[in-house]
Amino acid sequence: MTVFSLVLLTYFMVVSGFVYDVIVEPPGIGSTQDPATGAVRPVVFLPGRVNGQYIIEGLSSGFMFVLGGIGIVLLDLALDKNRARSVKVSYAIAGISSVVIAYVMTTLFIRIKIPGYLR
Amino acid sequence: MATMPASASDLLKSFKLKTKQQELLIRVSILCLVYILAFITRLFSVLRYESMIHEFDPYFNYRTTLYLTENGFYDFWNWFDYESWYPLGRIVGGTLYPGLMVTAVLIYRILRFLRFAVHIREVCVLTAPFFASNTTLVAYFFGKEIWDSGAGLVAAILIAVCPGYISRSVAGSYDNEGVAIFALLFTFYLFVKAVNTGSLAWSLASAFGYFYMVSAWGGYVFIINLIPLYVLVLLITGRYSMRLYVAYNCMYILGMLLAMQIRFVGFQHVQSGEHMAAMGVFFLMQVFYFLDWVKHMLSDTKLFQAFLRITVTSAVAVGGIALGLGMVSGYISPWTGRFYSLLDPTYAKDHIPIIASVSEHQPTAWSSFMFDFHILLFLFPAGLYFCFKRLSDATIFIVMYGLTSMYFAGVMVRLILVATPAVCLISAIAVSATVKNLTVLLRSKNKVVQTGSTKGSGGSKSSSKALLDQSQPFQKNGAIALLFGAFYLLSRYATHCTWVTSEAYSSPSIVLAARGAHGNRVIFDDYREAYFWLRQNTPQDAKVMSWWDYGYQITAMGNRTVIVDNNTWNNTHIATVGRAMSSYEDEAIEIIRSLDVDYVLVVFGGVTGYSSDDINKIGGGVFPVIKEPDYLVNGEYRVDKGAAPKMLNCLMYKLCYYRFGEMMTEYGKPPGYDRARGVEIGNKDVKLEHLEEAFTTSNWINLRKDNASFQWCLSLGIVDLALATNQNFLETELLTLFQAT
């Protein structure tokens, strides 16, 4: 169990682009200047390239991936026979909602990041 | 009349298969379909453009394959190439991995034997998709070995379309990785099979698989480090067995001996620090065998414990001393920069700029992972969970392969390719286990309902079963809904993969495409135009100087001698070229004359922004005369009026912007507007004293006529443009050739 959680933590770090953050040192979040008002607006997703990120967008995407994985694990736990029925139902609901949320958010993120996605 | 229906039903009965045969039929037909799918999804660029070789490195491979078909293996193995790296030349036989070329020529010979009159270029273009199809078959067998045949089928399907693999194995990408990933997965499968069965035949097969891998790609170092690591983990977790002993010994010794047959590898298996882990584990295995034998002989456990402790400490001590002696005396060389930068990613940035400058070697951002894996990123942790639930020798292997390869994929974008088979296999385990759980739920409830209705014995029993029956339809519906959900996710995965393949990974890089104002596709074939001009209009012994990216293509298509090419084995030579490009014209012409150069080729469209950056870094590393700050203003590159004077007058700038100042590039902007950098250039009146313009490709003219507003991607330079396979979208180039007088 401990090994699995360590593995999950490492996976989260790798997939969030931790090595990219350490080497390229991008800002936590980008900023752009609004041409009309002159105010500085934050930009969450680095535009223009596939292989580039800000730190926060990397961490949030990594979290979504791990959430999806945990959702499928919860689904498997829900199908285990030796538990109380209420626990199984709650696991199932948690699992399904995790997977759905993770998938929807990830698709949303990639659509923001790459404007021409699936066109 | 009565016999007619009887014979018809008899006929049907004879066709009706037993369940086992049905299952076999389904499996075989799925595998056939997957095989065909893996091949045809990689054919986008052949259908859009034509059957040609892509990128830069494949042109060198193609040239060597041509040489092999014309001159035979002995001449190929002993070939000294005088047409590249003038005036140094290159010992081709000893500096390449021959697996790819030999494979292609073998396929070519077989086809010729069967009287199919194909050209070697067609075989080269289609080698990678063919081997990708074979990889799906190996993935099926591997999945079957690790989990069960259902997981194998899913693994085959996933790896057939996974973009991480497609990126380096499209038709036309005639590069080592196309064959190497097949060899990698094949070797791993054979080794795991050997460990599972303990058979000498499978171990021998895995040694030959390893030999094929060594002959195909420099990434074999991954195998020779992962397998010892895996064996070590098995030993530590107490899974030592005779099967493991037989498998590893046979594979290591025979594999090592076979690997030494490749001249490029040579004696590295006993001399290089990267291969020492395998040797250390080999000796450790002997110690374990010895201990096992002693334990068998001794009956006293206490004595054995003491003996165990003494032996293990002394073995480790002796091993450590031997390693230390080897490294100190210099016999064992330390880790090379290429592989050391994988363990310490910051190393390349500070010490080896030429490795750090390649865009494929950048660390990976989350979007690259998502682009190349899509839903497999969810399934991977779930699959790891299932593997941990059912630990065996085989699942331990796939977990280790997955984790190590994912770490390396995080360090370098290019290595997503190596991680792809592991991710596909582990995800397949997740899919297969989940689907199995759900279908068991569906089918078992049916049985319970049936027994409840047929037996009906005992009031209490039937009432309790009735209670269960009430919740069962709900669960059944839930299971059906979840199955539909899984089906939906997998179909989204397929759509994503096909879109990515079509848009991002099917660009030949030597032919560029952009969208005009009306959405029509415009093709720029400037590279080939320039190389063909070189081939036809320059003397046979002309020498061409350009940045190293184009070396392979110039030698293969232009058939002229080059100064530096993509092999990048001599940093000083590259730095000399860089110094020539970034100096003033008078200094540059000295260097050009000393190298005996006749033609200088530059690529314009994104040159002076970023690639000068690398030229200066590399040139400055060797020649302290070049200082990057001379070219910068406030720490950034500029080409407009406010640029540094050294930048405005260096050779690269002058060659690129020669006659550019009088051109109208965009409606409403002043002449000399650089569309790649979005500024008007500073030095419009460029006069060349020692070089004269020989040839400019056609898109110079196109730009002037066409007022349409093209969409521009802010390409940062040759290096990014040429080597980034993801960013093909919207760039244009034109090539200019200058002649030294």
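The following exercises, each with a worked solution, examine local features of a predicted model.

Local features need pLDDT of at least 70 and side-chain atom pairs count only at pLDDT 80 or more, while totals for chains, interfaces and linings use all residues. Residues are numbered from 1 along each chain as its sequence is written, chains are lettered from A and ligands numbered from 1 in the order in which they are written, and side-chain values use heavy atoms, with hydrogens and water left out.

**Exercise 1.** Describe how helix 10 and helix 11 of chain B pack.

*Solution.* Step 1: locate the helices, which are DSSP runs of H or I of at least four residues, numbered from the N terminus, as strands are runs of E of at least two. Helix 10 covers residues 200–216 and helix 11 covers residues 220–236 of chain B.
Step 2: consider the geometry. The angle is about 145 degrees and the axes lie 8 Å apart; axes are lines fitted to C-alpha atoms over the stretch in contact, and angles run from 0 to 180 degrees between N-to-C directions.
Step 3: list the contacts (heavy atoms within 4.5 Å). B:Tyr210, B:Met213 and B:Val214 of helix 10 meet B:Tyr220, B:Ile223 and B:Ile224 of helix 11.

**Exercise 2.** Determine which polar contacts the side chain of B:Arg90 makes with B:Thr95 and B:Tyr552, and state its charge environment.

*Solution.* Step 1: B:Arg90 belongs to strand 2 (residues 90–91) of chain B.
Step 2: B:Arg90 is buried, that is, under 20% relative accessible area, where exposed is over 50% and partly exposed lies in between (1.4 Å probe, protein chains only).
Step 3: B:Arg90 has no salt bridge, a term for a side-chain nitrogen of Lys or Arg within 4 Å of a carboxyl oxygen of Asp or Glu. The nearest side chain of opposite charge, B:Asp565, is 4.7 Å away; Lys and Arg count as positive, Asp and Glu as negative, and His and the chain ends are not counted.
Step 4: a polar contact is a pair of N or O atoms within 3.5 Å; within protein, one must be able to donate a hydrogen and the other to accept it, and residues adjacent in sequence count only if both atoms are side-chain atoms. The side chain of B:Arg90 has such a contact with that of B:Thr95 at 3.2 Å and with that of B:Tyr552 at 3.4 Å.

**Exercise 3.** Establish whether B:His374 is buried or exposed.

*Solution.* Step 1: B:His374 sits in the loop between helix 19 (366–373) and helix 20 (376–389) of chain B.
Step 2: B:His374 counts as buried because its relative accessibility is 3%.
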